[in-house]
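Visitor: I should like to learn how the features of a protein structure are read. May we go through one together?

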Amino acid sequence: MDQYECHSCGTKYNVTEQGWKCQCGGVLDLVKENVPFSKVYKEMPSMWRYIDVMPFEHDSAIWSDITMGEGYTPLIVLDSAEPNTFVKVDYMMPTLSFKDRGAAVLIAKAKELGVKHVIADSSGNAGTAIAAYAKRAHIACDIFLGKGTSPKKIAQVKAHGANVREIEGTREDVAEAAQKAVDKEKKFYASHVYNPFFYEGTKTYAYEIWEQMNGAPDTLMIPVGNGTLLLGAYYGFKELMENKCIEKMPKLVAIQAENCAPLAKAFINNQQAAQPVENSGTLAEGIAIAKPARSAQILEAIRATNGQMITVNEDEMLKARAALASKGFYVEPTTAANYAGYVKYDRSSDEKIVIPLCGAGIKSN
Ligand SMILES: *Cc1c(COP(=O)(O)O)cnc(C)c1O
Ligand SMILES: [Zn+2]
């Protein structure tokens, strides 16, 4: 049986509807029974071609009623002048961001556990994805959002019939309100940050790149707030290493907005975990996380791959957004921030780099 394990103290827990963090306050990881990766289901043009490495009961087919065809997104050379730089167009997903990878797996797992009602909190895209998949799975859903959330994202969440609970305050206040409600109302916390099953979905980002490139790239540029794509990619490539599909890990280069960069600060100062910062305002709302709960794990992953962190300012983001649009891709500012990091990154000419296009421009203001 798969179990949860505390990242701080190592205590193990059975996977239940109610547990979402350790008694010591630490975040939980999933420790899986060792199931070998034996097969890619090539006939499936979605991330479910990797069902072999996903954390479901043997022969469980619950996911097949829940999937909307997410994943297996295009990997494309961005500009023929830079033939070793690829974009992975992860906004080509049912709810227009990479969060569908995590949400589809998390909601399918919730369904398998018999969950009837979930709570989540989000700065937008995760809430949208959870709301959509929960509805499709006939699971009731409350999404906690900050009052400043982009109106288009709020409209999208409401369209899926989720009960929106708007909270006054910071992103952290929103999360705290959701966590209190989870404990008091005894609901399942479908958190993209805390729930380890979300990362079992985002890890398919790595599997797809491996299959599409016929190996691992040298470098992954990844925008990081809570680290759900960064850690998913890290776990995915680690599994590929363990299964001897690749020989070396790609380097993780993580991007933050200068105005909200707790991880970059901790990285530079050689700290094991990030100290909370104050968000002084950024267009990159998707990575404006002042107090990332999995900061220690994110920093470990970047260091383990010999990676680095880059911060970008608001002006660089706007320029990057225009640059991507001029190449055909209209993205949201958070995705532009990541590309701005690539522009600043000191790369070698033969370095194979993958940049995710995480969120569609049409979602933001
Ligand atoms: C969620 C999100 C991010 C950041 O992901 P984290 O899990 O917070 O690191 C980046 N870009 C977009 C478009 C997102 O939706
Ligand atoms: Zn613990």
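**Reading the structure, feature by feature**

Guide: This is a predicted model. Let us begin inside the protein, at Phe237: leaving aside residues up to four places away in sequence, Phe237 touches Ala206, Ile209, Trp210, Ala216, Pro217, Leu220, Ile246, Met249 and Pro250.

Visitor: Which residues have the most contacts inside the largest nonpolar core, and how many residues does that core have?

Guide: The largest nonpolar core has 83 residues. Those with the most contacts inside it are Trp48, Val118, Ile130, Ile143, Leu230 and Phe237. There is also a second, separate core, of 27 residues, which includes Ala320, Ala337, Tyr339 and Ile355.

Visitor: How should I read the place of a single residue, for instance Cys141? In which strand is it found?

Guide: One looks at the element, the accessibility and the neighbours in turn. Cys141 is found in strand β7, which covers residues 140–146. Its relative accessibility is 8%, so Cys141 counts as buried, the limit being under 20%. Apart from residues up to four places away in sequence, Cys141 touches His117, Val118, Ile130, Ala131, Ala134, Ala162 and Asn163. Two of these contacts, Val118 and Ile130, are also named among the residues with the most contacts inside the largest nonpolar core. By contrast, Pro36 lies 105 residues from Cys141 in sequence, and their C-alpha atoms are 34 Å apart in space.

Visitor: Let us turn to the metal. Which residues coordinate the zinc ion (ligand 2)?

Guide: The zinc ion (ligand 2) is coordinated through the SG atoms of Cys6, Cys9, Cys22 and Cys24, at 2.3 Å. The four donor atoms make angles of 104 to 119 degrees, and the site is tetrahedral. Along the sequence, the donor residues follow the spacing C-x2-C-x12-C-x1-C.

Visitor: Why does the pair Cys9 and Cys22 tie together parts that are 13 residues apart in sequence?

Guide: The reason lies in where the two residues sit: Cys9 is in the loop between β1 (3–6) and β2 (12–14), while Cys22 is in the loop between β2 and β3 (28–31), so the pair ties together parts 13 residues apart in sequence.

Visitor: Are Cys9 and Cys22 buried or partly exposed?

Guide: Cys9 counts as partly exposed, at 43% relative accessibility. Cys22 is buried, with a relative accessible area of 4%.

Visitor: How is a pair of aromatic rings described?

Guide: Two quantities are used: the distance of the centres and the angle of the planes. The structure holds 13 aromatic pairs. In one of them, the rings of Phe37 and Tyr207 have centres 5.2 Å apart and planes at 90 degrees, so the pair is edge-to-face. This pair links distant parts of the chain, 170 residues apart: Phe37 lies in the loop between β3 and α1 (63–66), and Tyr207 in helix α7 (residues 204–213). Both Phe37 and Tyr207 are buried.

Visitor: What is the arrangement of Tyr234 and Tyr235?

Guide: Their ring centres are 6.1 Å apart and their planes stand at 50 degrees, so the pair is tilted. Tyr234 is buried, at 13% relative accessible area, whereas Tyr235 is partly exposed, at 24%.

Visitor: Which residues do ring pairs link into a cluster?

Guide: The cluster consists of Phe37, Tyr50, Tyr207 and Trp210. A ring may also lie beneath a charged residue: Arg49 lies over the face of Tyr72, at 3.8 Å from the ring centre.

Visitor: Lastly, what sign of phi do most residues other than glycine have?

Guide: Most of them have a negative phi. Asp59, however, has a phi near 65 degrees, a positive value in a residue other than glycine. Asp59 is placed in the loop between β3 and α1 and counts as exposed, at 67% relative accessibility. Asn306, also not a glycine, has a positive phi of about 65 degrees. Its place is the loop between α10 (295–304) and β12 (308–312), and at 63% relative accessibility Asn306 counts as exposed.

Visitor: Gly307 is in the loop between α10 and β12. Is Gly307 buried or exposed?

Guide: Gly307 is buried, with a relative accessible area of 14%. Setting aside residues up to four places away in sequence, Gly307 touches Lys251, Leu252, Phe267 and Ile302. The C-alpha atoms of Gly307 and Lys352 are separated by 14 Å, with their positions 45 residues apart along the chain.

Technical notes. Residues are numbered from 1 along each chain as its sequence is written. Chains are lettered from A and ligands numbered from 1 in the order in which they are written. This is a predicted model: local features need pLDDT of at least 70, side-chain atom pairs count only at pLDDT 80 or more; totals for chains, interfaces and linings use all residues. Side-chain values use heavy atoms; hydrogens and water are left out. Donors are N, O and S atoms within 2.8 Å of the metal (3.2 Å for Na, K and Ca); water is not among the atoms, so sites may look incomplete. Four donors count as tetrahedral if all angles lie between 85 and 135 degrees; four count as square planar and six as octahedral if opposite donors are over 155 degrees apart and all others between 65 and 115; anything else is irregular. Helices (H or I, at least four residues) and strands (E, at least two) are DSSP runs, numbered from the N terminus. Buried means under 20% relative accessible area, exposed over 50%, partly exposed in between (1.4 Å probe, protein chains only). A nonpolar core is a set of buried Ala, Val, Leu, Ile, Met, Phe, Trp, Tyr and Cys residues joined through side-chain atoms within 4.5 Å. Contact means heavy atoms within 4.5 Å. Rings of Phe, Tyr and Trp (its six-membered ring) pair if their centres lie within 6.5 Å; planes under 30 degrees apart count as stacked, over 60 as edge-to-face and the rest as tilted. A charge sits over a ring if NZ of Lys or CZ of Arg is within 6 Å of the ring centre and within 35 degrees of the ring normal.
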